[in-house]
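The exercises below go through one structure step by step. Each task is followed by its worked solution.

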Amino acid sequence: MRRSLTNIRRLAFSCLFTLLLSQAAVAKESINGVRLWRAPDSTRIVFDLSGPIKHNLFTLDNPRRIVVDIEDVELAASVSTLSLGETPIADIRTGVRNGRDLRVVFDLRSPVGSSSFVLARHGEKSDRLVIDLSDANARPASEPAREIVLDAISGHRDIVIAIDAGHGGEDPGAIGPSRIYEKDVVLDISRQLAKIIDATPGYRAELIRTGDYALALKKRRDLARQKRADLFVSVHADAFKHTSARGASVFALNPHGRRATSETARYLAQRENEADLIGGVGSVSLSDKDEMLAGMLLDLSMTATLSSSLQVGDEVLRAIGSMAALHKHQVEQADFAVLRSPDMPSLLVETGFISNPGEAKRLSTPSYRRQMAEKIFSGIQNYFNHTPPPGTLIAARKNGAGGFGEHIIVHGDTLSDIAKRYNVSVSDILSLNGLSNTVIQVGQRLKIPST
Ligand SMILES: [Zn+2]
């Protein structure tokens, strides 16, 4: 009896020992994915985690490298597939320490600044560890606004349009059927739009996001201001709760504290404002100080800016309406953080609902994207043709001797409407364009006499 009890004790003891041993060999959390995003002046590496972790980042010299130690984690993903081509990283090595910790070493080609942070689980995104490496020779963020470029012959400047492709990098935006990502669709439309704008005398485009990386909403506005943009256009293709929601829409800011003009507008603004959180670039919030400032700005320049935003938004909406279904027939307003510029007219264009299978399909074709870009620009041109900023080539054309503006006909336009908008007579438009009657067609370009 005594002997068998000892045996049982021994057995229990050895079981416990085996259990302890096997626990020691298995790390608590795992890294299930690794991604790398290259921006013009920085590189971001993101580790997808099964749960929260502790980590420590430090640098070592000779040769220069960055080391990240992560406690109690195993690597269940590959770092060898990451494309390091345009980054300052020469190689990434990993090794297990103390049986259950992970060390990741970044060998560097050139000096970088480094920082790291963790992002807690959010929606479909798991816990993440983010390593940011900023190029040492990157231009400082406080770079002074660049000189206004004047046309060498006319001495007049271009109208500058900042085009902001929504989302990017860690933030895919809305995901449509067959894994079509909003961030890719809108970057393509934005690039096409920039091409069309740059090919038009009197205009210049500035792309705010130039590749697949995340950008904070505030930084998008700041970049546009640095470029001295006359107009800021953020391009999106979002999802709604119901897949039946369809149609393009145009939004302007509804300043903080005011009700959005519709449930859809409120919902979309709320989703858009989460982009910083999802993209890992901070979070949008209005501190008490900001709120006071927001109130003041609203009373001052913002009212004028907002009124311009609504006018140009109306032109863009009408132009898009001549090719695509519209979700609402007027410019809607909600508190989109990316539109909070007190002195720069700003629009957010939803080119369609990517959650709607029909619209997702159209948005995935290059010709539809091109058409969408053309229409957005027609609307922008129609606005600036009757309200050009002083000192620009377009203003000189409108006011100059023998000069004339141009109006592109959109759906619903009539000659008498157009004449009223430009403050000229219908007969002057007819004679300048050599027209014998008032029949006009969508897409037709009309010369508008100077007033
Ligand atoms: Zn979006």
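**Exercise 1.** Does T392 count as buried or exposed, and why?

Solution. This is a predicted model, in which local features need pLDDT of at least 70, side-chain atom pairs count only at pLDDT 80 or more, and totals for chains, interfaces and linings use all residues. Residues are numbered from 1 along each chain as its sequence is written.

Step 1: apply the cut-offs. A residue is buried if 20 or more other C-beta atoms, placed from the backbone, lie within 10 Å of its own, exposed if 12 or fewer, and partly exposed in between. T392 has 22 C-beta neighbours inside 10 Å, so T392 counts as buried.

Step 2: locate the residue. T392 sits in the loop between α8 (366–386) and α9 (393–399). Helices (H or I, at least four residues) and strands (E, at least two) are DSSP runs, numbered from the N terminus.

Step 3: list the contacts, meaning C-beta atoms, placed from the backbone, within 7 Å. Not counting residues up to four places away in sequence, T392 touches H156, R157, D158, I159 and G202. From T392 to H156 there are 236 residues in sequence but 4.9 Å in space, C-alpha to C-alpha.

**Exercise 2.** Classify R65 and find what it touches.

Solution. Step 1: R65 belongs to strand β4 (residues 65–70). Step 2: because R65 has 17 C-beta neighbours inside 10 Å, it counts as partly exposed. Step 3: leaving out residues up to four places away in sequence, R65 touches L60, V105, F106, D107 and L108. Step 4: the C-alpha atoms of R65 and P111 are 8.8 Å apart, with the two positions 46 residues apart along the chain.

**Exercise 3.** Describe strand β12 and its partners.

Solution. Step 1: β12 covers residues 231–236, and 6 of its 6 residues are buried. Step 2: L231, V233 and V235 point one way, F232, S234 and H236 the other way. In a regular strand the side chains alternate between the two faces of the sheet.

Step 3: find the pairs; strands pair if DSSP finds at least two bridges between them. β12 and strand β10 (residues 159–165) are parallel and share 5 bridges, and A162 has F232 as its bridge partner in β12. With strand β15 (residues 346–350), β12 also runs parallel over 5 bridges; there V233 is matched with L347.

**Exercise 4.** Where does the largest nonpolar core lie, and why?

Solution. Step 1: a nonpolar core is a set of buried Ala, Val, Leu, Ile, Met, Phe, Trp, Tyr and Cys residues joined through C-beta atoms within 7 Å. Step 2: the largest one has 72 residues, and those with the most contacts inside it are I161, A162, I163, V233, V316 and I376. Step 3: this core lies between domain 2 (159–386) and domain 3 (401–449), because both give residues to it. The domain bounds come from an automatic or database domain assignment. Step 4: a second, separate core has 20 residues, including I31, I45, I70 and F106.

**Exercise 5.** Which residues of helix α4 are buried, and why are they on the same side?

Solution. Step 1: in α4 (residues 263–273), T264, A265, L268, A269 and E272 are buried. Step 2: they lie on the same side of α4 because they cover an arc of only 125° around the axis, taken from the directions from the helix axis to the C-beta atoms. Step 3: their cover includes β13 (249–253), α5 (275–279), β14 (332–334) and β15.

Terms used:
Two residues are in contact if their C-beta atoms, placed from the backbone, lie within 7 Å.
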